[in-house]
Amino acid sequence: LPDALPILAQTARVVQAVGEVLLQNPYIKNFQSYVGRSAPVDFAGLVRGDMMRKGSNYAQIQVNLVTKDQRPMSHEVGVEVYRQFGKIEKRFPGTVIKLFEVPPGPPVRAQVVAELYGPDYQKLREMAAEVENRFRQIYHMINVDDSVTGTVAEYRIVVDKQKAMLAGVAPAQVAELVHDYIDGMKLGTITVPKAREPVDILLRVPPEDRAWKSQILGLRIQNQSGQQVDLSSIVQIQRTTEDKPIVDRDQHQVVYVTGDLLGSSPVYATYTLNHWLNGAILAGEKVHTGNLGFLPVQPHDISHYQILWGGDMRLTLDVFRDLGAAFIVALVFIYLMLVAYYQSFVMPIIVMGAIPLTLVGVFPGHWLLHTPFNATSMIGVIALAGVVVRNSLLLIDFIIEYRREGFSLEEAVLEAGAVRFRPILLTALAIMFGSAIMVTDPVFGGLAVSLIFGTFASTMLTLIVIPLLYYLWERRLAQTSQGVVS
């Protein structure tokens, strides 16, 4: 029978114990608890499916930290708090406490996600238990869970319709009686001065008296003739198990196994699990893994069993695939415009030679500042393509103009570097100082690092490499033309 209040009270005690741990941390400004339901859903919670989670055995706590200048990184604070949750789980056996951080980028269901597909859903549930054990063997893997849910006892009050009709009782009357007995009966409303809406007046049986089988069967219900009929004469209470959910994704039945990493990259965990599970025998069936390429894999769940990887790994592959394609398209358009401008197919290659020079500064810059190369870093590389090409254009156009005025090739090249140094340097400094404000940002920090170090390296090298390439190309053309004439 429903036993919401005792379980809810026990959940509240666990929440209180977690709150005591949070209060001891000087970097936590405040927190708010939601017992029996989820907190107001944000974008990350929407992807995780928090809006579907509720019940007397569930609670969520939203934590706010002090400002960034008064604390270390939020991840370090979360790790320190999470290490203290083990004592609470030992104090309340059967309790599972999970730690979720607001992601700096696009949210995912979890950092590491295994999607199990196959023709038999019950077999997938059995496989999920073995995959979950593998997840727990990964160092620093936390929040390990699956979409199967546990086996929960359920009690159903079954009305014998024939006996109920003979007794003059409608099945809906039984449902109404049991509902009022367990949840309470609304007698009316009362107006409270500070309340926005009228407050319901509920008549309830004490929690300790409302959920026992004998007490439910001992209730009486009034039939159409006004006589009292014992509920035990027309109903039976059957003990069953609660139905487990069947999850689907893109019209394919799927079982999820999820986990998060406490202090390392999910890439290493995903590849390690892929090595363990590819070709393994799970629940008597051989499974194959996939979805680690740039193109997503569609499940083939009709004839065999599959594990497709999702989470941060899939998101990273998709993002860098799309950004890489955008980078190639940008290079093609830049090349075509330069071909139309210079009426040459070789000159644009010399001008675009400054683009690879940005990488000389981008990757060392990320290493120096301990900043991961992320999607915004790639956006910075794409943006630099246009900036550094502009610097090359300033140099090449100056050389061509000087040569038209009668200067030799050597003099034009040397004058280009000297005269154009100042405008190129000022442009680079404007980009670097303008981007410096984003260096500490968790999302756009990679963009700033790419712009700053890529611009610096490319500017220094462009002043030397581009004029030198143009000089060598012109000398080669001159030597070739002389050989043809002779």
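What follows is a conversation about how several descriptions of this predicted model are justified.

Trainee: Why are helices H15 and H16 called oblique to each other?

Mentor: Helix H15, residues 409–419, and helix H16, residues 421–435, pack at an angle of about 40°, with their axes 5 Å apart. Angles under 35 degrees count as roughly parallel and those from 65 to 115 as roughly perpendicular, and H15 and H16 are therefore oblique to each other.

Trainee: Which residues make the contact between H15 and H16?

Mentor: On the H15 side the contact is made by Ala416, Gly417, Ala418 and Val419, and on the H16 side by Phe421, Arg422 and Pro423.

Trainee: What makes the pairing of lysine 98 and aspartate 145 a salt bridge?

Mentor: The side chains of lysine 98 and aspartate 145 meet at 2.5 Å, N to O, and since a salt bridge needs a side-chain nitrogen of Lys or Arg within 4 Å of a carboxyl oxygen of Asp or Glu, the pair qualifies. The two residues link distant parts of the chain, 47 residues apart, with lysine 98 in the loop between helix H4 (85–91) and strand E3 (112–117) and aspartate 145 in strand E4.

Trainee: How do you know whether lysine 98 and aspartate 145 are buried, partly exposed or exposed?

Mentor: Buried means under 20% relative accessible area and exposed means over 50%. Lysine 98 has 28% relative accessibility, so it counts as partly exposed, and aspartate 145, with a relative accessible area of 28%, is partly exposed.

Trainee: What about arginine 53 and aspartate 50, and how is each of them classed?

Mentor: Arginine 53 forms a salt bridge with aspartate 50, the closest N and O atoms being 3.5 Å apart. Arginine 53 is partly exposed because its relative accessible area is 32%, whereas aspartate 50 counts as buried because its relative accessibility is 3%.

Trainee: Where do glutamate 132 and arginine 136 lie, and why is glutamate 132 called buried?

Mentor: Both lie in helix H5, four residues apart, which is about one turn of the helix, and their side chains meet in a salt bridge at 2.7 Å, N to O. Glutamate 132 has 11% relative accessibility, and because buried means under 20%, it counts as buried.

Trainee: How many salt bridges does the structure hold, and which residues are linked in a network?

Mentor: The structure holds 15 salt bridges, and Arg314, Asp318, Arg321 and Asp322 are linked in a network of them.

Trainee: What is notable about phi in histidine 140 and histidine 370, and how is the exposure of each classed?

Mentor: Histidine 140 has a positive phi of about 65° although it is not a glycine, and phi of histidine 370 is near 55°, again a positive value in a residue other than glycine. Histidine 140 lies in the loop between helix H5 (121–136) and strand E4 (141–146), and at 30% relative accessibility it counts as partly exposed. Histidine 370 lies in the loop between helix H13 (359–368) and helix H14 (375–404), and because 73% is over the 50% cut-off, histidine 370 counts as exposed.

Trainee: Which residues make the nonpolar surface patch, and what makes methionine 185 eligible for it?

Mentor: The patch, of about 570 Å², is made by Met185, Leu187, Ile190, Val192, Val199, Ile201 and Leu203, and the elements that give two or more residues to it are strand E6 (185–190) and strand E7 (199–203). Methionine 185, placed in strand E6, has 37% relative accessibility and so counts as partly exposed; patch residues need over 30%, so methionine 185 passes that cut-off.

Notes. Residues are numbered from 1 along each chain as its sequence is written. This is a predicted model: local features need pLDDT of at least 70, side-chain atom pairs count only at pLDDT 80 or more; totals for chains, interfaces and linings use all residues. Side-chain values use heavy atoms; hydrogens and water are left out. Patches are made of residues with over 30% relative accessible area and no salt bridge: like charges are joined within 9 Å, nonpolar side chains (Val, Leu, Ile, Met, Phe, Trp, Tyr) within 5 Å. Accessible areas come from the Shrake-Rupley method with a 1.4 Å probe; for residues, only the protein chains shown count as cover. Buried means under 20% relative accessible area, exposed over 50%, partly exposed in between (1.4 Å probe, protein chains only). Axes are lines fitted to C-alpha atoms, for helices over the stretch in contact, and angles run from 0 to 180 degrees between N-to-C directions. Angles under 35 degrees count as roughly parallel, over 145 as roughly antiparallel, 65 to 115 as roughly perpendicular and the rest as oblique. Contact means heavy atoms within 4.5 Å.
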